[in-house]
Amino acid sequence: MREELLAIIEKNSRIDLKELAVILGVQEIDVVNELQALQDEGVICGYHTLINWEKTSLDKVTALIEVRVTPQRGQGFDNVAERIYKYPEVRSVYLISGGFDLMVILEGKTLREVSSFVSDKLAPLEPVLSTATHFILKKYKDHGTIFTQKPEDERELITP
Amino acid sequence: MRNPLADKVVEIKPSGIRKFFDIVSEMKDAISLGVGEPDFDTPWHIRDEGIYSLERGRTFYTSNAGLKELRQEICSYMKRKNNIEYDWAKETLITVGGSEAIDMGLRAMINPGEEVLIPQPSYVSYEPCAILAGAKPVIINLKAENEFRLTPQELEEAVTDKTKVLILPYPNNPTGAIMERADLEAIAEVIKKHDIFVMSDEIYAELSYKEKHVSIASLPGMKERTILINGFSKAYAMTGWRLGYACGPADIIQQMTKIHQFAIMCAPTTSQYAAVEALKNGDADIENMRVAYNQRRRYLMNAFREMGLECFEPYGAFYVFPCIKEFGMTSEEFATRFLEEEKVAVVPGTAFGDCGEGFLRISYAYSLENLKVAIGRLERFVNRLRGEKG
């Protein structure tokens with residue numbers, strides 16, 4: 001049931017325990033225990049809400065930053081990744097295969113704020129060779145959810 | 001002026017579902033639990049392949065029996081899922097939905113007056129297709145206490161020396177019933193003993209929630225007397241593409257192909273290319289949808305238990321078939337009042353045969369959120385009825 005449970009709560013973390021138990025065909029206590037185990041094992045790392053910030057009055061800027069770095073002896077990329085992910089404005093850091101090494105996703109209030117983070121904090125780090133900053137202009141789909149359209153049921157009401 | 005119509009056609013009763021559809025469509029704000037098609041969109045990679053085939057200009061007829069590549073994929077699917085080997089060139093036919101395969105199959109097999117056994121409740125087209133093919137339809141009324149499975153006794157009682165074909169509609173629309181291996185083995189003996197043929201409509205095969213679906217054609221001595229019908233509508237959420245197929249003995253398929261060639265020419269080319277992609281790379285889609293349906297099925301069964309509504313646990317398709325006999329109303333009265341008072345459309349069991357009286361077909365081809373709203377209204381309605389009786 002583990003993977004099925006995860007697949008459900010990844011889409012809807014607000015589902016109640018009783019309903020989870022019903023649709024998984026198990027007892028409520030089993031769901032409670034499994035969720036606890038998943039949290040203890042660090043499989044479940046948090047419960048978040050998917051927000052389309054573009055529809056709010058709050059200004060937010062998100063940037064994807066490609067970072068090329070020199071790996072350090074004995075540390076690989078871990079050390080420099082840690083230096084970067086400790087900044088709270090950094091949302092995600094991924095080690096990437098291909099033309100660059102780290103993908104940093106950064107959120108700020110303004111373009112200026114993001115660019116000064118890059119020039120003041122990120123680029124000066126010694127192992128960092130270069131950065132390329134891409135600002136996100138529009139989010140069409142995020143976390144598997146399409147933002148731009150509302151699904152409508154176009155089926156006939158009754159069919160055999 | 002002379003009567004322009006054929007008696008045989010005029011005498012066929014219009015579909016009971018059609019009648020209810022007309023009532024429902026008058027109601028603008030009704031919500032529905034009445035559809036017989038998936039709520040999922042066709043997976044994008046399959047749609048994309050259809051679009052690509054159009055871009056490449058594949059807009060011509062295919063061969064009558066269908067694309068070679070598709071028929072080979074179907075054979076590999078049959079081997080993979082059912083362990084049945086079919087010769088793609090002689091034992092497969094691509095049709096316009098499973099519905100066409102039912103029609104063609106009966107027309108290819110029936111001589112005037114021969115009998116076709118139709119277990120009911122079942123899909124609405126078997127009986128009219130049998131009549132149009134010149135057969136005498138013989139209805140087997142399935143029982144709730146057998147979970148609407150066909151028993152060897154019921155089959156034995158219905159067989160006469162005129163019996164030619166048994167229609168075997170499992171997993172079943174509207175009941176959600178399945179036939180497991182042991183059930184099939186039991187009826188296979190009767191079928192072989194009386195030398196009759198089987199038209200096995202397995203369109204819901206992928207939507208089985210107990211063991212994996214077993215095809216009767218995979219049992220010893222059954223492949224040579226079975227027309228196996230399947231298609232893409234339910235498993236891959238491709239209803240609008242109108243694509244199905246039949247696999248079976250070469251002599252029957254050959255005659256079916258002959259009628260198909262004159263009546264239809266060939267199944268839609270775009271759909272055939274999309275279906276190749278579905279069979280090649282669609283197993284994961286099927287599984288994801290099956291898991292989602294199963295969750296909804298469990299949700300409904302639990303909701304019925306909680307409101308004390310009698311319902312056997314169905315393990316197939318995307319329907320549940322609760323019993324409403326406790327309310328002392330016909331299925332149609334119940335469905336009509338439920339629609340008028342709570343604005344929820346369900347289909348009366350009688351739309352699928354007289355023995356569906358006292359039952360409703362409720363579809364779970366809806367999101368859990370939608371099901372919750374509708375089931376909330378059902379509970380309110382059921383409680384009100386019990387209060388009235390009270």
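How many bridges pair β11(B) with strand β12 of chain B, and in which sense do they run? The two strands, the second spanning residues 360–363, pair in the antiparallel sense over two bridges; strands count as paired if DSSP finds at least two bridges between them. Helices (H or I, at least four residues) and strands (E, at least two) are DSSP runs, numbered from the N terminus.

The model is predicted: local features need pLDDT of at least 70, side-chain atom pairs count only at pLDDT 80 or more, and totals for chains, interfaces and linings use all residues. Residues are numbered from 1 along each chain as its sequence is written, while chains are lettered from A and ligands numbered from 1 in the order in which they are written.

The pairing above belongs to an open, antiparallel sheet of three strands in chain B, ordered β9-β12-β11. Its edges are β9 (319–320) and β11 (347–348), each of which pairs on one side only. Within the sheet, B:P348 stands opposite B:L360 in β12(B).

Turning to the domains, whose bounds come from an automatic or database domain assignment, chain B is given domain 1 (7–42 + 284–379) and domain 2 (60–281). Their centres, taken over C-alpha atoms, are separated by 24 Å. The contact takes 35 residues from domain 1 of chain B and 34 residues from domain 2 of chain B, where contact means that C-beta atoms, placed from the backbone, lie within 7 Å. On the domain 1 side, α12 (283–307) and β9 of chain B each supply at least two residues, and the largest share, seven residues, comes from α12(B). By class, that side has 20 nonpolar, eight polar and seven charged residues. Here Ala, Val, Leu, Ile, Met, Phe, Trp, Tyr, Cys and Pro count as nonpolar, Asp, Glu, Lys and Arg as charged, and the others, Gly among them, as polar.

Chain A is divided into domain 1 (2–40) and domain 2 (53–138), with 34 Å between their centres over C-alpha atoms. Ten residues of chain A are in contact with 21 residues of chain B; the chain A side divides into five nonpolar, two polar and three charged residues.

One loop residue of chain A completes the picture. A:Q72 is found between β1 (61–69) and α4 (78–85). With 13 other C-beta atoms within 10 Å, A:Q72 is partly exposed (buried means 20 or more such atoms, exposed 12 or fewer, and partly exposed in between, with C-beta atoms placed from the backbone). Leaving aside neighbours within four places in sequence, A:Q72 is in contact with A:N79 and A:P127.

Technical notes
Contact = placed C-beta atoms within 7 Å.
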